Amino acid sequence: MKYQVNSLPQLSEFIKEFIPYLEKNKIFLLYGEMGVGKTTFIQETLREIGILELSGSPTYSLINTYENQKFGELNHLDLYRLKSIDEAYDIGLEELFDNNSICFIEWPQKIIEMLPKNYISVYFTLNEDLTRTIEINETKKV
């Protein structure tokens, strides 16, 4: 699925189409340059499913955890400041992938080798006209 977003209302419309992915998938990898809208996408998705008290970006804490009656535990990981894969293992990130919680992961390329077999990649591109293109791809490793 590929979508062009020109405004927050359009992002909200896209997120309504995205919500069904949460029912079938647990790991969402978000790719894109800093400032392209990854955190906004996550926060708007959480709002759409009823989580209204948000903690902001976990740039320094690495992980924000939320609870939702329908979807259970949801984690927002911002791995920008993660120094190595060893640091990810040291803080127990692999346990998040084993506990069946939904994980939105910014800067996932830092931990790609520890990810489970199935995940959804979400690519964000800032276009010259300042709109965003969001593309969703499902990945199944063998």
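1. Let's start with the empty space. In this predicted model, the largest pocket holds about 180 Å³ of space. Thirteen is the number to remember here: 13 residues line this pocket, and the closest to its centre are V5, L8, L11, T40 and R132. Two elements each give two or more residues to the lining, namely helix 1 and strand 7 (132–140). If you sort the lining residues by type, you get 7 nonpolar, 5 polar and 1 charged.

2. Now follow helix 1, since you've just met it at the pocket. How far apart are its end C-alpha atoms? They are 25 Å apart, and that agrees with what the residue count leads you to expect, because 17 residues (8–24) at 1.5 Å a residue should span 24 Å. Helix 1 does have a bend, though: it turns by about 35 degrees at E17. Have a look just past that point, and you'll find a proline, P20, within four residues.

3. Which residues of helix 1 are buried? They are L11, F14, I15, F18, I19 and L22. Try picking them out on the structure one by one. L11 is worth a second look, as this buried residue is also among those closest to the centre of the largest pocket.

4. Next, the largest nonpolar core, which has 25 residues. Inside this core, the residues with the most contacts are F18, L22, F41 and F104. Several elements give two or more residues to the core: helix 1, strand 2 (27–31), helix 2 (38–48), strand 5 (102–106), strand 6 (118–126) and strand 7. Helix 1 supplies the largest share, with 6 residues. So when you colour the core, keep an eye on F18 and L22, which are on the list of buried residues of helix 1.

5. Strand 5 deserves its own stop, and I105 is found there. Is I105 buried or exposed? It counts as buried, because its relative accessibility is 0%. Along the chain, I105 and L77 are 28 residues apart, yet their C-alpha atoms are separated by 4.7 Å. It's a handy pair for seeing how sequence distance and spatial distance can be read side by side.

6. D78 makes a good companion example, and you'll find D78 in strand 4 (residues 72–78). Aspartate counts as charged, but D78 is buried here, because its relative accessibility is 4% and the cut-off for buried is under 20%. From D78 to T39 you'd count 39 residues in sequence, while the C-alpha atoms of the two are 8.6 Å apart in space.

7. Finally, two loop residues to check by their backbone angles. N100 lies in the loop between helix 4 (93–98) and strand 5, and its phi is near 70 degrees, a positive value in a residue other than glycine. N100 counts as exposed because its relative accessibility is 54%, with the cut-off for exposed being over 50%. L130 sits in the loop between strand 6 and strand 7. L130 isn't a glycine, but it has a positive phi of about 70 degrees. With a relative accessibility of 60%, L130 counts as exposed.

Note on methods
Residues numbered from 1 in each chain as written. Predicted model: local features only at pLDDT ≥ 70, side-chain atom pairs only at ≥ 80, totals over all residues. Heavy atoms only, no water. Expected span 1.5 Å × (residues − 1). Bend = angle between axes of the 7 residues up to and from the residue. Buried < 20%, exposed > 50% of the residue type's maximum accessible area, 1.4 Å probe, protein only. 1 Å grid on protein atoms, 1.4 Å probe; cavity = no way out; pocket = protein on both sides within 12 Å on 5 of 7 lines; lining within 4 Å. Points joined across faces, edges and corners; volume = space filled by probe spheres on them. Core = buried A, V, L, I, M, F, W, Y, C linked by side-chain atoms within 4.5 Å.
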